[in-house]
Amino acid sequence: MLQIFRRWGLSVAGLLCVCANGEPTLVLTKPEALDVYSESVRRFLEDVPAGYDAEELTILGWGSIGPLPSVAVRVGKSGARMELDAKDGTVYFFTDSSPLYRGDSAQEPMETVLSADDAYALALPVLKHYGLQAEQDEYEIVPDRSVPWTVGQGRWKIRKNLAYEGMETLSSYVEVLVRAHTKRIDMVRYYPPVAPAPVRSGISREEAIEKVKKVVYNRKAWPFGDVRNFEFGGAADVTKVVAMPPGYQDLKPHEHPYHSRYFWKVPYSAECQDYGEESWQRLWTYELIDVETGKEIGEINAP
């Protein structure tokens, strides 16, 4: 039986099924449009003029970009693609790639038509849309390495990592890509920090180090080749950070706890040898251990 439900302000379509224990359960099939989506898109497009009507929204399905469950939408018949927070409509992702320029100056350096300063000025309305600080020196402004740095294809990347109440937050950032030739916003990614769940009791920094030793010594394979001679620091080297467990990535709105978690960031080093190379080099890296449970971040499953 197909029914429409409204939960936490989100309308969803789903199948109402009966489990073996006789209790009904809702199996989500697809999200439905909420008024908040159109309003959020309208306000966003005021800062990123793209010539689309915010009322012409097509729901494409559940999204995959952003720190919390999202909904993918299309603006217009063949316009920009966006991903919005499933509950409040915050724009996590926007893309409206322009056709490549193939004129006579297509192979010239992109700085000849758009400087880094001018690219930042074009991105500034987007940054202000999210309530972010406007000081240019707080942002990384570099050519986008995924395309040639030419007039025909070049883009400037304006990026900043975002913290939670002054604390390092992994994978929280804002990034704006500006096409040099068209001087338009090509892409926006916004991963705001999500408040972590409170910790009632937890493990110490010293316990986190011991946990990491077990993790790395039992690891069977490393992505960068052979590894040997691990070195671990002391408790003073361990910091507390905020992160969203990767196990939460595919959760739907009714499944997600709507919080991140505190982790101990435990640094260590090892000598590594790339495949096919003879020399060994020391690599610095880290592991994340959940402050409350003592589990490695990859072990944190859906609540």
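Does proline 125 belong in a class, and if so which: what does proline 125 count as at 30% relative accessibility? In this predicted model, proline 125 counts as partly exposed, because its relative accessibility of 30% falls between the limits of 20% and 50%.

**Figure 1. The chain as a whole, in a predicted model.**
The secondary structure of the chain consists of three helices and 15 strands. The chain has 303 residues, of which 44% count as buried. Among contacts with a separation of 6 or more, 56% are made by residues 24 or more positions apart. The accessible surface amounts to about 16,100 Å², and carbon and sulfur atoms account for 48% of this area.

**Figure 2. The largest pocket and its lining.**
The volume of the largest pocket is about 460 Å³. The pocket is lined by 31 residues, and those closest to its centre are Gly66, Pro67, Tyr191, Met244 and Gln249. Sorted by class, the lining comprises 19 nonpolar, ten polar and two charged residues. As a general point, empty space is revealed by rolling a probe the size of a water molecule over the atoms.

**Figure 3. Strand E11 and its two pairing partners, E7 and E10.**
Strand E11 spans residues 184–191 and is mostly covered, with six of its eight residues buried. Strand E7, residues 91–95, pairs with E11 in the antiparallel sense over three bridges. In this pairing, phenylalanine 93 stands opposite arginine 189 of E11. Strand E10, residues 173–179, also pairs with E11 in the antiparallel sense, over seven bridges. Here valine 178 has isoleucine 185 of E11 as its bridge partner. The hairpin of E10 and E11 has four residues between the strands, and lysine 183 in this hairpin takes a positive phi near 60°.

**Figure 4. Helices H1 and H2, viewed around glutamate 46 and proline 125.**
Helix H1 covers residues 35–47 and contains glutamate 46. Helix H2 covers residues 116–129 and contains proline 125. Glutamate 46 is exposed, because its relative accessible area is 51% and the cut-off for this class is over 50%. Proline 125, at 30%, counts as partly exposed. In sequence, proline 125 and glutamate 46 are 79 residues apart, yet their C-alpha atoms are 9.1 Å apart in space. Between glutamate 46 and valine 126, 80 residues apart along the chain, the C-alpha separation is 9.5 Å.

**Figure 5. Leucine 132 in the loop that follows helix H2.**
The loop that holds leucine 132 runs between H2 and strand E8, residues 140–143. Is leucine 132 buried or exposed? Leucine 132 counts as buried, because its relative accessibility is 17% and the class is defined by values under 20%. Apart from neighbours within four places in sequence, the contacts of leucine 132 are Leu127, Tyr139, Leu162 and Val174. Leucine 132 and valine 174 are 42 residues apart along the chain, and their C-alpha atoms are separated by 9.2 Å.

**Figure 6. Loop residues with a positive phi: glutamate 165 and tyrosine 258.**
Most residues other than glycine have a negative phi. Glutamate 165, which is not a glycine, has a positive phi near 50°. This residue is found in the loop between strand E9, residues 155–161, and E10. Glutamate 165 is exposed, with a relative accessible area of 70%. Tyrosine 258 likewise has a positive phi, of about 55°, although it is not a glycine. The loop that holds tyrosine 258 lies between strand E13, residues 239–243, and strand E14, residues 261–273.

**Figure 7. The surroundings of cysteine 272 in strand E14.**
Cysteine 272 is a residue of strand E14. With a relative accessible area of 11%, cysteine 272 is buried. Which residues does cysteine 272 touch, not counting residues up to four places away in sequence? They are Phe224, Asp226, Val227, Ser279, Trp280, Gln281 and Leu283. Arginine 282 is ten residues from cysteine 272 in sequence, and the C-alpha atoms of the pair are 6.1 Å apart in space.

Technical notes
Residues numbered from 1 in each chain as written. Predicted model: local features only at pLDDT ≥ 70, side-chain atom pairs only at ≥ 80, totals over all residues. Heavy atoms only, no water. 1 Å grid on protein atoms, 1.4 Å probe; cavity = no way out; pocket = protein on both sides within 12 Å on 5 of 7 lines; lining within 4 Å. Points joined across faces, edges and corners; volume = space filled by probe spheres on them. Nonpolar A, V, L, I, M, F, W, Y, C, P; charged D, E, K, R; others polar. Buried < 20%, exposed > 50% of the residue type's maximum accessible area, 1.4 Å probe, protein only. Contact = heavy atoms within 4.5 Å. Areas by Shrake-Rupley, 256 points an atom, 1.4 Å probe, with all protein chains shown as cover. Pairing = 2+ DSSP bridges.
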